[in-house]
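User: I am new to this structure and would be grateful for a close look at a single part of it. Please explain how that part is placed and what surrounds it.

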Amino acid sequence: SVGHMNMELFKGIIDEMPLGANPCWLHLFGEPLLNPHLFEQIRYAKSKKKNKVGISTNATLLDTEKSEALLSSGLDCLMIAIDGATKSVYERIRKSNHYQFESVTANVAEFLKLRKLRGSSKLKVILSIIQMEETKSELKVFEQYWKSRGAEKVLFKPRRAARIPRSDSRR
């Protein structure tokens, strides 16, 4: 079933989870910033385990309030997936009235700025873009742009590993 995991079940899973070197990613598919318990879940996972905790977002909901909450949560890794380095490519791939290139990139730039102002270097930020015909000419520009703004790493993900929504749903 699709939905948000309740805190009791989440705590049970975290309590039983073995310690390890691999990060605990608090999402599968969908947008974790839609989860009303996300920040509480991050704090709980960090309080119970030594594992690193990460999430991946498409940054459509990464406003100032959520950025501040993420920066205060103890999160170790934030992966931000953007589907293009230019408006035309991003909006051709995303094909949604809800996703606009300018607002998504502004959200990410603001997050990186807030992180720098807070001195939150513990939280690593990775930007990702899907390698496909539409983006192949933009990969280096994308990498240079986001690294110059503070991203530690830029990933070029193969298309087969990616799942791009083709509808107006705000997953």
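The part to be examined is helix α5, residues 101-118.

Analyst: The model is predicted, so local features are reported at pLDDT of at least 70 and side-chain atom pairs at pLDDT 80 or more, while totals for chains, interfaces and linings use all residues. Numbering starts from 1 along each chain as its sequence is written, and side-chain values use heavy atoms, with hydrogens and water left out.

The setting comes first. The protein chain has six helices and five strands (DSSP runs, H or I of at least four residues for helices and E of at least two for strands, numbered from the N terminus). Their order along the sequence is α-β-α-β-α-β-α-α-β-α-β. Of the 171 residues in the chain, 44% are buried (under 20% relative accessible area, with exposed over 50% and partly exposed in between; 1.4 Å probe, protein chains only). When contacts (heavy atoms within 4.5 Å) are taken between residues at least 6 apart in sequence, 73% of them join residues at least 24 apart.

Helix α5 packs against helix α4, which covers residues 87-94. The axes of α4 and α5 come within 9 Å and cross at roughly 105° (lines fitted to C-alpha atoms, for helices over the stretch in contact, with angles from 0 to 180 degrees between N-to-C directions). That crossing makes α4 roughly perpendicular to α5 (65 to 115 degrees; under 35 is roughly parallel, over 145 roughly antiparallel and the rest oblique). On the α4 side the residues that meet α5 are Lys87, Tyr90 and Glu91, and on the α5 side they are Phe101, Glu102 and Val104.

Two members of this interface also form an aromatic pair. The whole structure contains two such pairs. In one of them, the ring centres of Tyr90 and Phe101 lie 5.8 Å apart and the planes stand at 55°, so the pair is tilted (rings of Phe, Tyr and Trp, its six-membered ring, with centres within 6.5 Å; planes under 30 degrees are stacked, over 60 edge-to-face and the rest tilted). Because Tyr90 belongs to α4 and Phe101 to α5, the pair ties together parts that are 11 residues apart in sequence. Both rings belong to buried residues: Tyr90 has a relative accessible area of 1%, and Phe101 is at 14%.

A second helix, α3 (residues 64-73), also packs on α5, with the axes 10 Å apart and an angle of about 40° between them. The two helices are therefore oblique to each other. From α3, the contact involves Thr64, Ser67, Glu68, Leu70, Leu71 and Ser72. From α5, it involves Glu110, Phe111, Leu114, Arg115 and Arg118.

Arg115 deserves separate mention within this interface. The residue lies in α5 and is buried at 7% relative accessibility. Ser67 of α3 is one of the residues in the same helix contact. Arg115 and Ser67 are 48 residues apart along the chain, yet their C-alpha atoms are separated by 8.5 Å.

Helix α3 has a further partner in α2, which spans residues 38-48. The axes of α2 and α3 are 9 Å apart and meet at an angle of about 10°, and these two helices are therefore roughly parallel. Phe39, Ile42, Arg43 and Lys46 of α2 make this contact with Lys66, Ala69, Leu70 and Ser73 of α3. Leu70 thus appears both in the contact with α2 and in the contact with α5.

The loop that leads from β2 (53-57) to α3 completes the picture, and it holds Ala59 and Thr60. Thr60 is buried at 16% relative accessibility. Beyond its neighbours within four places in sequence, Thr60 touches Tyr90, Tyr99, Val104 and Asn107. Two of these names have appeared already: Tyr90 and Val104 take part in the meeting of α4 and α5. Thr60 is also 10.0 Å from Ile80, C-alpha to C-alpha, although the two are 20 residues apart in sequence.

Ala59, in the same loop, has a positive phi of about 70° although it is not a glycine. Most residues other than glycine have a negative phi. Ala59 counts as buried, at 0% relative accessibility.

In summary, α5 meets α4 through residues including Phe101 and meets α3 through residues including Arg115. The loop before α3 adds Thr60, which is in contact with Val104 and Asn107, among others.
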